[in-house]
Amino acid sequence: MRGRVGTLLWRALLAALLVCGIGLLPWLTRTDPAFTVLKARSAEREATPAVLADIRDQLGLDAGPLRLLGDWLGGLPRGDAGRSWISGAEVMPDVLQALGASLLLMAVALTIAFLVAALVCARTLCGGGRRRGGGSGSAMVAALPEFLTASVLATVVGVQLGWLPALGWYGLQWTILPGLALGLPAGALLGRLLDDLLPGAFAEPWALAAAARGIPARRIASQAVRRCLPALLPNAGLFVVGLTGGSVAVEQIFDIPGLGRTALQAAIAQDLPVLQASTLALVLLAALAAGATRITARLLIGPALRDGGLSSLHRPAPPARPTPPLLYGGVLLGVVALGLPRDPLALDTRARLQPPSWAHPFGTDALGRDVLARVGHGALDTLLLASAISAAALLIGLALGLMPRLSGPLVDTVNAIPPVLAALLVTAVVGSGGATPALAVTVVAWAPLAAHTAALLRQERATLHVTATQGLGAGRWYVLRHELLPAALPPVTRHALLRLPSVALALAALGFLGLGAQPPSPEWGLLLAENQPYAERAPWAVLAPAAVLALLGALAVTAAGVKFRPRKTVRVVQPRPETRELAFQ
């Protein structure tokens with residue numbers, strides 16, 4: 001009872017701190033919004049100190065932080081979130097309209113994601129839990145940049161073929177292409193995570209007994225999926241909040257007036273009242289999604305979680321062939337090796353947007369620079385920084401996942417802050433700099449890994465073998481070291497590797513917004529961003545960096561399958577402090 005009360009108080013404190021931080025954004029920012037407001041309202045008017053002081057007085061910027069926070073909080077119960085500093089219109093109606101558009105897009109994207117996840121797991125389900133593939137194809141789909149997928153779909157399906165509308169937001173038909181752009185990578189990632197758990201579910205006694213009794217395989221497969229869902233629900237909840245990050249670019253490409261695009265435009269324009277209301281809406285959406293996933297998990301598991309009647313889902317993975325990771329790694333290293341001797345900054349305006357040739361195997365970009373050279377040199381910046389952030393996020397996620405009462409509410413809070421908004425908040429607090437994008441991405445990258453760790457450990461603690469080990473006298477440290485961590489570390493590490501390309505893309509998105517890598521840097525994600533407008537005329541300039549990112553995702557998942565195959569162990573735990581372990585290869 002005390003633990004529940006403490007968790008509720010911790011959640012309430014985090015929620016209060018986050019809401020207060022949102023309300024104090026005009027006071028926390030180190031820039032002067034008065035100048036931006038003046039240029040937006042009257043570009044010809046001179047920015048004299050008196051004029052700027054008058055604007056600050058009109059906006060209430062000279063009031064103290066308590067006054068700003070009190071006025072903002074006092075208006076929320078009445079539905080008053082203030083007025084836009086740029087247009088002067090009320091904020092709440094526009095934010096609610098943007099939220100409605102984002103919720104519709106989210107529903108379509110989640111539907112597509114679930115269908116894609118089902119296709120990824122179809123072979124394992126039909127094979128009774130026997131995995132028949134390495135999953136490199138799904139890893140490559142999971143690594144596809146959302147804005148690149150959106151650009152290709154809009155150009156090919158929407159413009160050239162004319163099958164579906166490419167721009168606008170006028171009905172359900174306009175949601176299909178952006179839903180595909182968001183749902184394909186999310187579904188591939190969910191499918192990979194589910195496919196990792198299904199063999200363990202099919203190997204449980206209930207599944208073996210059901211098969212022996214002649215129960216239809218389709219019914220056994222449905223129950224196996226239900227058995228695996230509780231461990232995936234926290235990550236499914238993360239996709240519910242996928243209204244920013246990649247979806248911001250998707251909303252911009254398809255001209256969708258969604259909440260993420262509204263928040264981003266407000267942040268860039270320093271229209272802080274709109275940014276405050278949009279961020280608060282994201283926080284509330286994240287809280288509702290987290291609560292719904294938590295309730296659904298309890299309904300699916302039932303009393304087994306409380307009574308310790310679950311068995312471990314994690315079984316030794318099938319032997320992974322070393323050929324795919326060696327092949328992918330060899331191709332990736334070959335591309336980097338061929339690109340490093342070339343000059344990534346050499347300009348040739350006479351060779352702009354040239355197709356691939358012997359002189360330029362990957363073609364040239366809009367400035368005549370060799371794309372192969374930029375891809376090769378960008379590998380150092382992209383891979384080193386993304387790998388460092390992924391490693392830090394993995395360590396933070398594992399550490400906080402071991403403390404679910406502390407990390408659960410914190411994960412729900414962090415999930416409401418996408419990398420773009422996190423970078424803007426970090427910039428407002430500590431100022432801009434080279435470490436800002438890395439810090440912003442790290443702040444949010446650990447959350448899905450912590451949620452995954454906590455969900456796996458919650459189920460593992462309820463298994464019979466852990467209960468028996470504790471009953472025989474094993475201490476908490478022994479159970480953690482020999483039972484819990486070996487079960488959680490491999491799938492969470494694979495999860496972190498799967499998210500490595502998305503970390504690189506998050507850094508690229510921040511660079512595109514002026515908060516990260518800047519031209520002429522050859523960072524991979526930045527190459528995608530600066531060449532995206534030329535996708536129709538020169539697709540090679542976009543496909544080359546996209547292909548290496550997809551190749552990185554395939555290499556990550558296949559290498560994880562080879563490296564983290566657990567040993568088959570049989571443990572004998574005595575009730576005395578001395579503990580023996582017998583391991584058989």
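Reader: Hey, quick one: are Arg369 and Asp365 buried or exposed?
Author: Both Arg369 and Asp365 are buried. Keep in mind that this is a predicted model.

Reader: Got it. What do the side chains of Arg369 and Asp365 form where they meet?
Author: A salt bridge, with N to O at 2.9 Å.

Reader: How many salt bridges turn up in the whole structure?
Author: A search finds eight. One of them joins Arg78 to Asp80, and the closest N and O atoms there are 3.9 Å apart.

Reader: Why does 3.9 Å still get counted for Arg78 and Asp80?
Author: Because the cut-off for a salt bridge is within 4 Å, and the Arg78 to Asp80 pair has its closest N and O atoms 3.9 Å apart.

Reader: And is Arg78 buried or exposed?
Author: Arg78 is exposed, at 62% relative accessible area. Its partner Asp80 is partly exposed, at 35%.

Reader: Which residue does Arg83 pair up with in a salt bridge?
Author: That would be Glu90, with 3.7 Å between the closest N and O atoms. Arg83 is partly exposed, with a relative accessible area of 48%, and Glu90 is partly exposed too, at 45%.

Reader: Switching topic: how many aromatic pairs does the structure hold?
Author: Just one. Tyr170 and Trp174 make that pair, and the arrangement is edge-to-face.

Reader: What's the angle between the planes of Tyr170 and Trp174?
Author: 80 degrees, with the rings 5.5 Å centre to centre. That counts as edge-to-face because the planes are over 60 degrees apart.

Reader: Last thing, is Tyr170 buried or exposed?
Author: Tyr170 counts as exposed, at 65% relative accessibility, while Trp174 is partly exposed, at 23%.

Notes
Residues numbered from 1 in each chain as written. Predicted model: local features only at pLDDT ≥ 70, side-chain atom pairs only at ≥ 80, totals over all residues. Heavy atoms only, no water. Phe/Tyr/Trp six-rings, centres within 6.5 Å; stacked < 30°, edge-to-face > 60°. Buried < 20%, exposed > 50% of the residue type's maximum accessible area, 1.4 Å probe, protein only.
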